[in-house]
Amino acid sequence: MKRFKQTLRLSIPLSLIIVLCCALFTLPAAAFSDVAPGSWYEKAVTQMTDSGQLSGYPDGTFRPNQTISTAEFVAITARRAGLSPVSAESAHWAAGYTQAALQTGWYDWDEIPPTGEKFNQPITRQLAVKIIMKAFMPDARGDFNKESSKISDFSQLDGRYYEAVLAAYSKGIVTGDSSGTFRPKSGLSRAEACVLIQRAGEFSQGQMPVQPEPVVSDPAVPPRTETIQGGVSKNGWLKVVGASLCNDQGQPVVLRGMSSHGLQWYGQFASSQAIKNTADYGANLFRIAMYTDEDGYLSNPDKIRQQAISAIDAAVSNDMYVIIDWHILSDGNPMFHVSESEAFFTDIAQRYKDNPAVLYEICNEPNGNVSWQNDIKPYAQRIINTIRSQSPKSIILVGSGTWSQDIHIAAADPLQYENIMYTLHFYAGTHGNELRNRIDQVMAQGFPVFVSEWGTSRADGSGGVFINESCQWLDFLNQRGISWTNWSLCDKNETSAALRPGTSPAKPWTQAELTESGKFVFSRFNG
């Protein structure tokens with residue numbers, strides 16, 4: 001049984017229903033609890049909601065700072081432009097609109113394939129501007145020299161978007177932010193998207209734009225970190241650059257996947273077929289929770305070690321990255337078994353020293369009467385040196401106190417090594433803004449964060465499933481390009497488990513065999 005954590009903050013569970021921007025549920029804008037009167041986007045949201053072009057969420061929110069997806073943006077634009085949905089090959093809720101937009105020539109097949117693989121991904125600013133210009137002002141043009149000089153990051157714009165973006169600048173539809181940057185490959189918030197669409201629609205009808213001032217994000221929300229997905233064959237050896245996890249080309253990369261439960265209890269779900277199943281659903285990462293105590297590795301080292309090796313090899317064979325996790329829990333001070341840890345990581349790092357797939361999590365959740373300075377950091381220094389003596393450049397993940405939540409304390413006294421990341425663990429029904437603010441605090445200082453464990457439940461594995469809170473967390477992580485693994489891939493009778501009780505690990509899984517948590521998490525492997 002997974003044991004947890006003191007709570008830092010209680011969250012109120014909201015609806016368990018996910019409704020996308022253009023789904024059936026509609027509220028008048030005035031009813032949105034998070035649309036402040038007088039905000040820069042309030043008029044656009046009000047007008048578009050009143051006209052039936054925009055929808056909110058069942059909990060009464062609009063979520064203005066949440067990143068808008070490609071399908072949402074196309075559907076809202078289509079509604080504003082009066083474009084009706086048509087028959088489509090995808091079953092996605094917005095497929096009728098995206099197919100109509102493709103046939104009308106708003107974008108090309110490769111930009112938003114009708115097969116749907118990009119529908120739920122964030123839309124880039126450059127593509128969003130192309131769509132609204134095609135929809136509302138297809139004949140508009142802008143002078144290259146005059147308009148490009150207004151865009152300080154014009155060199156980042158892809159050539160196929162020059163015409164649309166320059167035209168948008170010439171008409172005042174897009175003005176950039178206060179520093180003149182357009183951020184062409186970043187995402188848009190829901191508020192930004194609504195203002196841009198409403199502004200373009202009004203301008204095309206000969207009206208003054210709804211908001212004459214520049215469209216900029218809430219300054220509290222950092223620009224979206226554009227990341228690459230894919231497996232080991234695509235990204236190779238990972239490295240830490242600043243606060244980002246990057247591939248061997250130095251491009252920010254994001255890993256998303258599942259954590260096993262304890263191998264001694266649910267080792268069957270760290271089997272080759274089970275790991276392949278998660279890869280088939282889109283995961284590019286698997287975490288092996290090798291408990292040290294609780295009848296785990298320390299009680300039966302040969303058996304558990306072999307289970308871990310088999311799971312590593314299974315992940316590698318599926319082109320996945322894999323975390324081998326020294327899962328301390330009830331033995332809360334990592335120094336209690338530092339010698340055993342050194343012996344284990346010497347063996348594993350030697351075995352996989354030439355394999356870029358393997359990441360090392362050296363202390364799952366330090367807890368109890370331990371401190372960073374006296375216990376965790378000295379332990380980490382010993383184990384990092386152990387791993388580095390065998391595998392000089394692998395990514396090493398380091399936990400902090402209070403069940404891997406005290407990343408701010410670690411950042412104040414950091415480890416002096418390359419390719420080190422600090423883990424943070426959260427449970428959506430228990431932890432909220434306090435930990436999110438902590439992540440922003442340490443990343444602003446240049447320290448990389450990796451969420452190596454999170455759950456859709458409360459911190460004890462029960463309660464929920466807290467879908468809205470989980471959405472808020474994952475949108476936050478995606479905005480910042482933070483990698484994660486979800487707890488846990490097993491059929492235990494608790495809400496954090498991804499599989500229904502009795503699910504076989506020896507065959508592919510259908511949606512019917514996934515729990516509510518599993519369905520949600522598996523749907524977010526690609527963002």
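How many aromatic pairs does the chain come to? The count is 21. Keep in mind that this is a predicted model. I'll take one of those pairs in detail, then move outward.

The pair is tryptophan 265 with tyrosine 291. The geometry is edge-to-face. The centres are 5.0 Å apart, and the planes make an angle of 70°. An angle over 60 degrees is what puts a pair in the edge-to-face class. Where do the two partners sit? Tryptophan 265 is in helix H9, residues 263-266, and tyrosine 291 is in strand E4, residues 285-291. So the pair ties together parts that are 26 residues apart in sequence. Now the accessibility of each ring's residue. Tryptophan 265 has 30% relative accessibility, so it counts as partly exposed. Tyrosine 291 is buried, at a relative accessible area of 1%.

Staying with rings, there is also a cluster. Ring pairs join Tyr281, Phe426, Trp454, Trp473, Phe476, Trp484, Phe522 and Phe525. Pick out Trp473 from that cluster. Arginine 436 lies over the face of tryptophan 473, 4.8 Å from the ring centre. A second arginine does something of this kind elsewhere: arginine 190 lies over the face of phenylalanine 62, at 4.7 Å from the ring centre.

Now the whole chain. It has 527 residues, and 59% of them count as buried. There are 18 helices and 10 strands. Take contacts between residues at least 6 apart in sequence: 75% of them join residues at least 24 apart. The chain exposes about 19600 Å². Carbon and sulfur atoms supply 50% of that area.

What about the cores? The largest nonpolar core has 84 residues. Which of its residues touch the most other members? Ile324, Tyr360, Ile362, Val398, Ile439 and Leu477 do. Another core lies apart from that one, with 56 residues. Its members include Trp106, Tyr107, Ile131 and Ala193.

Back to tyrosine 360 for a moment. Set aside its neighbours within four places in sequence. Tyrosine 360 then contacts Ile324, Phe345, Ile348, Ala349 and Tyr352, among others. Its list also includes Ile387, Ser394, Ile395, Ile396 and Leu397. Ile324 is a name you have just heard: it too is one of the core residues that touch the most other members.

Next, arginine 351. This residue lies in helix H12, residues 338-351. Is arginine 351 buried or partly exposed? Partly exposed, with a relative accessible area of 45%. Beyond residues up to four places away in sequence, arginine 351 touches Arg305 and Ile309. Its C-alpha atom is 8.8 Å from that of glutamine 390, and the two residues are 39 apart along the chain.

One helix deserves its own slide: H6, residues 162-170. Its buried residues are Ala164, Val165, Leu166, Ala167, Ala168 and Tyr169. What do they pack against? Helix H4, residues 125-136, and helix H5, residues 144-148. After H6 comes glycine 172, with a positive phi near 80°.

That leads to backbone oddities. Most residues other than glycine have a negative phi, and most peptide bonds are trans. Here are four places to look at with that in mind.

Glutamate 294 has a positive phi, near 50°. The residue sits in the loop between E4 and helix H11, residues 301-317. E4 is also the strand that holds tyrosine 291. Glutamate 294 is buried, with a relative accessible area of 8%.

Aspartate 319 has a positive phi as well, near 60°. Its place is in the loop between H11 and strand E5, residues 321-327. Aspartate 319 is partly exposed, at a relative accessible area of 28%.

Then the peptide bonds. The one from glycine 464 to valine 465 is cis, with omega near 15°. Valine 465 is in the loop between strand E9, residues 449-455, and helix H17, residues 467-480. The bond from tryptophan 487 to serine 488 is cis too, with omega near 0°. Where is serine 488? In strand E10, residues 484-489.

That's the tour. Questions, please.

Methods: Residues numbered from 1 in each chain as written. Predicted model: local features only at pLDDT ≥ 70, side-chain atom pairs only at ≥ 80, totals over all residues. Heavy atoms only, no water. Buried < 20%, exposed > 50% of the residue type's maximum accessible area, 1.4 Å probe, protein only. Helix = DSSP H or I, 4+ residues; strand = E, 2+ residues; numbered from the N terminus. Contact = heavy atoms within 4.5 Å. Phe/Tyr/Trp six-rings, centres within 6.5 Å; stacked < 30°, edge-to-face > 60°. Lys NZ or Arg CZ within 6 Å of the ring centre and 35° of its normal. Areas by Shrake-Rupley, 256 points an atom, 1.4 Å probe, with all protein chains shown as cover. Core = buried A, V, L, I, M, F, W, Y, C linked by side-chain atoms within 4.5 Å.
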